[in-house]
Amino acid sequence: MDGQGATADPRLQQFIEVESQKQRFQQLVHQMTEEKCIDKPGPKMDSRSEMCLVNCVERFIDTSQFILNRLEQTQRSRGSISETMSD
């Protein structure tokens, strides 16, 4: 094996891990959006359906922000580890 294959392997592992995290995020979003807020479609939404939708959207936004922050922290910590290893 050439020397280039050895350096590409950690990058490939990091890519796979990032893609796995994206997949877990998408599964979480799907689970969150499975909740049925609207029982009957109609010209006007009742207050229960409206509150349900508002809660779902707020949870989605909070969860998205949390996961994005966590991914950034993970990537920053990996970056500082690889910088230390290359010194």
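Helices (DSSP runs of H or I, at least four residues) and strands (runs of E, at least two) are numbered here from the N terminus. The model is a predicted one, in which local features need pLDDT of at least 70 and side-chain atom pairs count only at pLDDT 80 or more, while totals for chains, interfaces and linings use all residues. Residues are numbered from 1 along each chain as its sequence is written, and side-chain values use heavy atoms, with hydrogens and water left out.

On these terms the chain contains 2 helices and 0 strands. Helix α1 covers residues 3-33, and helix α2 covers residues 47-86. A residue is called buried when its relative accessible area is under 20%, exposed when it is over 50%, and partly exposed in between (1.4 Å probe, protein chains only). Of the 87 residues of the chain, 15% are buried by this criterion. Accessible areas come from the Shrake-Rupley method with a 1.4 Å probe, and for residues only the protein chains shown count as cover. The chain exposes about 7500 Å², of which 56% is supplied by carbon and sulfur atoms.

Part of this surface is a nonpolar patch formed by Leu-12, Phe-15 and Ile-16, which together have about 300 Å² of accessible area. Patches are built from residues with over 30% relative accessible area and no salt bridge, with like charges joined within 9 Å and nonpolar side chains (Val, Leu, Ile, Met, Phe, Trp, Tyr) joined within 5 Å. Leu-12 is located in helix α1 and, with a relative accessibility of 47%, is partly exposed.

Helix α1 also holds both partners of a salt bridge, Glu-19 and Lys-22, which lie 3 residues apart, about one turn of the helix. A salt bridge is a side-chain nitrogen of Lys or Arg within 4 Å of a carboxyl oxygen of Asp or Glu, and the structure holds 1 of them. The distance between Glu-19 and Lys-22 in this contact is 3.2 Å, N to O. Side chains of opposite charge can pair when their charged atoms come close. Glu-19 is partly exposed, at 32% relative accessible area, and Lys-22 is likewise partly exposed, at 41%.

The structure further holds 1 cavity of 30 Å³ or more. A cavity is a set of points, on a 1 Å grid over the protein atoms alone, where a 1.4 Å probe fits but cannot get out, and its lining residues have an atom within 4 Å of a point. Grid points are joined across faces, edges and corners, and a volume is the space filled by probe spheres set on the points. The largest cavity has a volume of about 30 Å³ and is lined by Val-18, Gln-21, Leu-71, Thr-74, Gln-75 and Arg-78. Both α1 and α2 supply at least two residues of this lining, with the largest share, 4 residues, coming from α2. Among the lining residues, Thr-74 belongs to helix α2 and is buried, at 14% relative accessibility. Thr-74 and Val-18 are 56 residues apart along the chain, and their C-alpha atoms are separated by 9.6 Å.

Two residues of helix α2 may also be described by their distance from Cys-37. Ser-49, found in helix α2, is buried at 5% relative accessibility, and its C-alpha atom is 5.2 Å from that of Cys-37, at a sequence separation of 12 residues. Asn-55, also placed in helix α2, is partly exposed with a relative accessible area of 37%, and is 9.9 Å from Cys-37, C-alpha to C-alpha, with their positions 18 residues apart in sequence.

Methods: 1 Å grid on protein atoms, 1.4 Å probe; cavity = no way out; pocket = protein on both sides within 12 Å on 5 of 7 lines; lining within 4 Å.
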